[in-house]
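Visitor: Hi, I'm new to this one. Can you show it to me and walk me through it?
Guide: Sure, here it is.

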Amino acid sequence: WGGKYVMAVVHNAAMHGSDSATAFDAAAMTAALHLSVVAPGVLTSALLPLMRKGSAVVFVGSTLSEQAVAGRASYVTAKHATVGLMRSYVQDLFGSGIHTACVCPGFTDTAMVRKAIAENPGAADFIRGHVSLARLLDPGEIAALIHFVIENPAMNGAVLHANGGQKEV
């Protein structure tokens, strides 16, 4: 990996659909996997020849990268696959000096979460009752963690949860 640039690539796209594994929606699953796994894989592979030692690839997962909830089959599956892709890059980039990790935010004040709260009565109360901080995370808090990962090669292979002390249900 003798590229010319030290760079950081952050993959943060996702679809938060409402679908169930019991009524499997192949189109929803395909779209979610394409956005969260295929596109980041293609982009990262295209950029690797330009990257040199000290570069970083950071994937943004979710609390649901390592657990599941009902009614979010494609999102949960795609986020689990995001962790798998990151771990594959760790192995395939072994010894290159390019590090990768997955930051897994909990409920964060984003348009996606605000939309889910607006569409689901009681969602705001649920979040307050299931997050120790009793609030949404600020996107700046997640950005600071991503920046930390970029600056610290020792985080190579890490799955870092930033969820404000989320209660498991």
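Guide: One term before we start: a residue is buried if its relative accessible area is under 20%, exposed if over 50%, and partly exposed in between, using a 1.4 Å probe and protein chains only. This is a predicted model, where local features need pLDDT of at least 70 and side-chain atom pairs count only at pLDDT 80 or more, while totals for chains, interfaces and linings use all residues. Residues are numbered from 1 along each chain as its sequence is written, and side-chain values use heavy atoms, with hydrogens and water left out.

Visitor: OK. So is Cys104 buried or exposed?
Guide: Cys104 is buried, with a relative accessible area of 0%. You'll find Cys104 in strand β3. Helices (H or I, at least four residues) and strands (E, at least two) are DSSP runs, numbered from the N terminus.

Visitor: What does Cys104 touch, not counting residues up to four places away in sequence?
Guide: Cys104 touches Gly61, Ser62, Thr63, Ser65, Val159, Leu160, His161 and Ala162. Contact here means heavy atoms within 4.5 Å. The C-alpha atoms of Cys104 and Leu64 are separated by 8.0 Å, with their positions 40 residues apart along the chain.

Visitor: Let's zoom out. How many helices and strands does the protein have?
Guide: Five helices and four strands. Going along the sequence, the pattern reads β-α-β-α-β-α-α-α-β.

Visitor: And what's the radius of gyration?
Guide: The protein has 17 Å, which agrees with the value near 15 Å for a compact globule with 169 residues. That radius is taken over C-alpha atoms, and the globule rule is 2.2 Å times the number of residues to the power 0.38. Along the principal axes, the C-alpha atoms fill a box of roughly 55 × 35 × 25 Å.

Visitor: How many of the residues are buried, as a percentage?
Guide: 38% of the 169 residues count as buried. As for contacts with a separation of 6 or more, 78% of them are between residues 24 or more positions apart.

Visitor: Switching to rings: how many aromatic pairs are there?
Guide: A search of the whole structure finds two. Rings of Phe, Tyr and Trp (its six-membered ring) pair if their centres lie within 6.5 Å; planes under 30 degrees apart count as stacked, over 60 as edge-to-face and the rest as tilted. One of the pairs is Phe59 with Tyr89, whose ring centres are 6.1 Å apart with planes at 25°, so this pair is stacked.

Visitor: Where are Phe59 and Tyr89?
Guide: Phe59 lies in strand β2 (residues 56-60) and Tyr89 in helix α2 (residues 73-92), so the pair ties together parts that are 30 residues apart in sequence. Phe59 counts as buried at 0% relative accessibility, and Tyr89 is buried too, at 10%.

Visitor: What about Phe107 and Phe126?
Guide: Phe107 and Phe126 form an edge-to-face pair, 6.4 Å centre to centre with 85° between the planes. This pair links distant parts of the chain, 19 residues apart: Phe107 is in the loop between β3 (99-105) and α3 (111-119), and Phe126 is in helix α4 (residues 123-130). Phe107 is partly exposed at 23% relative accessibility, and Phe126 is also partly exposed, at 39%.

Visitor: Back to helix α2 for a sec. Is Lys79 buried or exposed?
Guide: Lys79 is buried, with a relative accessible area of 3%. Its place is in helix α2. Leaving aside neighbours within four places in sequence, Lys79 is in contact with Ala13, Ala14, Val60, Gly61, Ser62, Leu64 and Ser65. Lys79 and Ala14 are 65 residues apart along the chain, and their C-alpha atoms are separated by 8.4 Å.

Visitor: And what does Ala56 touch?
Guide: Not counting residues up to four places away in sequence, Ala56 touches Met7, Ala8, Val9, Met51, His99 and Ile150. Ala56 sits in strand β2 and counts as buried at 0% relative accessibility.

Visitor: Last one: what's the phi of Ala134?
Guide: Ala134 has a positive phi of about 60° although it is not a glycine. Ala134 is found in the loop between α4 and α5, and at 37% relative accessibility it counts as partly exposed.
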